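Me: I'd like to learn how to read a protein model, one feature at a time. Can you walk me through it?

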Amino acid sequence: MSSEAPEFRLEDFLPYRLSVAANRVSRRFADRYGAAFGLSIPEWRVMAVLGRFGRLPAREITARTAMDKVKVSRAVRQLEGRGFLERAADAADARLHWLALSEAGQGAHAAIVPMAREMEAEVVQGLTAEELALLHAALGRIAERFPGEGVD
């Protein structure tokens with residue numbers, strides 16, 4: 001290491017800290033819905049997007065989750081196989097398939113949403129309303145700097 005270069009402290013590197021924090025929270029939440037419904041993190045993310053936005057093509061789910069398209073495709077197949085998701089070909093373009101939660105998927109989504117709200121409350125516990133507003137603003141500004149970039 002050059003004596004002129006400052007020490008690189010990984011534990012102080014913001015992208016690393018964001019990743020570690022997000023992974024810890026995501027895994028903790030996954031333990032809860034995974035135990036109840038046997039869902040993986042990518043499967044839940046697909047369900048969450050469809051639960052929020054309704055019928056979408058896979059490429060839109062990929063964009064909204066910032067997950068790799070292979071992960072989305074795998075999650076879609078798993079969810080479809082378990083009856084949580086329905087696929088329909090587009091009437092005008094046979095290459096395009098629309099994805100939507102099935103009745104079973106809607107039920108699972110409705111049951112997981114309160115778990116998500118509990119998890120969020122745990123994550124922000126101890127933060128003041130001002131700190132939470134600042135956190136949301138900062139995360140929004142960071143995300144705006146990297147539009148369309150994947151995270152997985």
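Here is our chat, from the overall build down to single residues.

Me: Before we start, what kind of model is this?

Reply: This is a predicted model. Keep that in mind as we go.

Me: Okay. How many helices and strands does the chain have, and in which pattern do they come?

Reply: There are 6 helices and 3 strands. Going along the sequence, the pattern reads α-α-β-α-α-β-β-α-α. As for overall dimensions, the C-alpha atoms fill a box of roughly 65 × 35 × 25 Å along the principal axes.

Me: What percentage of the residues is buried?

Reply: Buried residues account for 24% of the 152 in the chain. You can also look at contacts between residues at least 6 apart in sequence: 53% of these join residues at least 24 apart.

Me: Let's do the sheet. In what order do the strands sit?

Reply: To read a sheet, go from strand to strand and ask who pairs with whom. Here 3 strands make an open sheet, ordered β1-β3-β2, with antiparallel pairing. β1 (56–57) and β2 (85–89) are the edge strands, each pairing on one side only.

Me: How many bridges hold each pair?

Reply: β1 and β3 pair over 2 bridges, in the antiparallel sense. You can find both partners: L56 is bridged to L99 of β3, and P57 is bridged to W98 of β3. On the other side, 5 bridges join β2 to β3, again running antiparallel. One of the bridge partners there is A100 in β3, which goes with E86.

Me: Is β3 mostly covered or mostly open?

Reply: Mostly covered: 4 of the 5 residues in β3 are buried.

Me: Which helix packs on this sheet?

Reply: That's α2, which touches β1, β2 and β3. The direction of α2 makes about 90 degrees with that of β3.

Me: Now pockets. What's the general idea?

Reply: Picture a probe the size of a water molecule rolling over the atoms: it shows where empty space is left. In this model, the largest pocket holds about 2100 Å³ of space.

Me: Which residues and elements line the largest pocket?

Reply: The lining has 41 residues, with A22, V25, S26, R45 and L139 nearest the centre of the pocket. Elements giving two or more residues to this lining are α1 (14–37), α2 (41–53), α3 (58–65), α5 (103–124) and α6 (129–145). The largest share is from α1, with 11 residues. By class, the lining of the largest pocket splits into 28 nonpolar, 7 polar and 6 charged residues.

Me: And what is the volume of the second largest pocket?

Reply: About 220 Å³. Its lining has 13 residues, and those nearest the centre are P57, A58, R59, H97 and L99. α3, α4 (69–81) and β3 (97–101) each give two or more residues to the lining of the second largest pocket. The largest share, 4 residues, comes from α4. The classes in this lining are 6 nonpolar, 3 polar and 4 charged.

Me: Let's try single residues. Is E7 buried or exposed?

Reply: The test is relative accessible area, where exposed means over 50%. E7 has 58%, so E7 counts as exposed. You'll find E7 in the segment before α1. E7 and P42 are 35 residues apart in sequence and 36 Å apart in space, C-alpha to C-alpha.

Me: What about H109: buried or exposed?

Reply: Here the other cut-off applies: buried means under 20%. H109 has a relative accessible area of 15%, so H109 is buried. H109 belongs to helix α5. Skipping neighbours within four places in sequence, H109 is in contact with W44, M47, A48, G51, R52 and L101. Take A48: H109 and A48 are 61 residues apart in sequence, while their C-alpha atoms are 7.0 Å apart in space.

Me: One last thing. What should I look for in backbone angles?

Reply: Most residues other than glycine have a negative phi. A66 has a positive one, near 60 degrees, and A66 is not glycine. A66 is in the loop between α3 and α4. At 18% relative accessibility, A66 is counted as buried.

How values were computed. Residues are numbered from 1 along each chain as its sequence is written. This is a predicted model: local features need pLDDT of at least 70, side-chain atom pairs count only at pLDDT 80 or more; totals for chains, interfaces and linings use all residues. Side-chain values use heavy atoms; hydrogens and water are left out. On a 1 Å grid over the protein atoms alone, a cavity is a set of points where a 1.4 Å probe fits but cannot get out, and a pocket is an open set with protein on both sides within 12 Å along at least five of seven lines; lining residues have an atom within 4 Å of a point. Grid points are joined across faces, edges and corners, and a volume is the space filled by probe spheres set on the points. Ala, Val, Leu, Ile, Met, Phe, Trp, Tyr, Cys and Pro count as nonpolar, Asp, Glu, Lys and Arg as charged, and the others, Gly among them, as polar. Two strands pair if DSSP finds at least two bridges between them. Contact means heavy atoms within 4.5 Å. Axes are lines fitted to C-alpha atoms, for helices over the stretch in contact, and angles run from 0 to 180 degrees between N-to-C directions. Buried means under 20% relative accessible area, exposed over 50%, partly exposed in between (1.4 Å probe, protein chains only).
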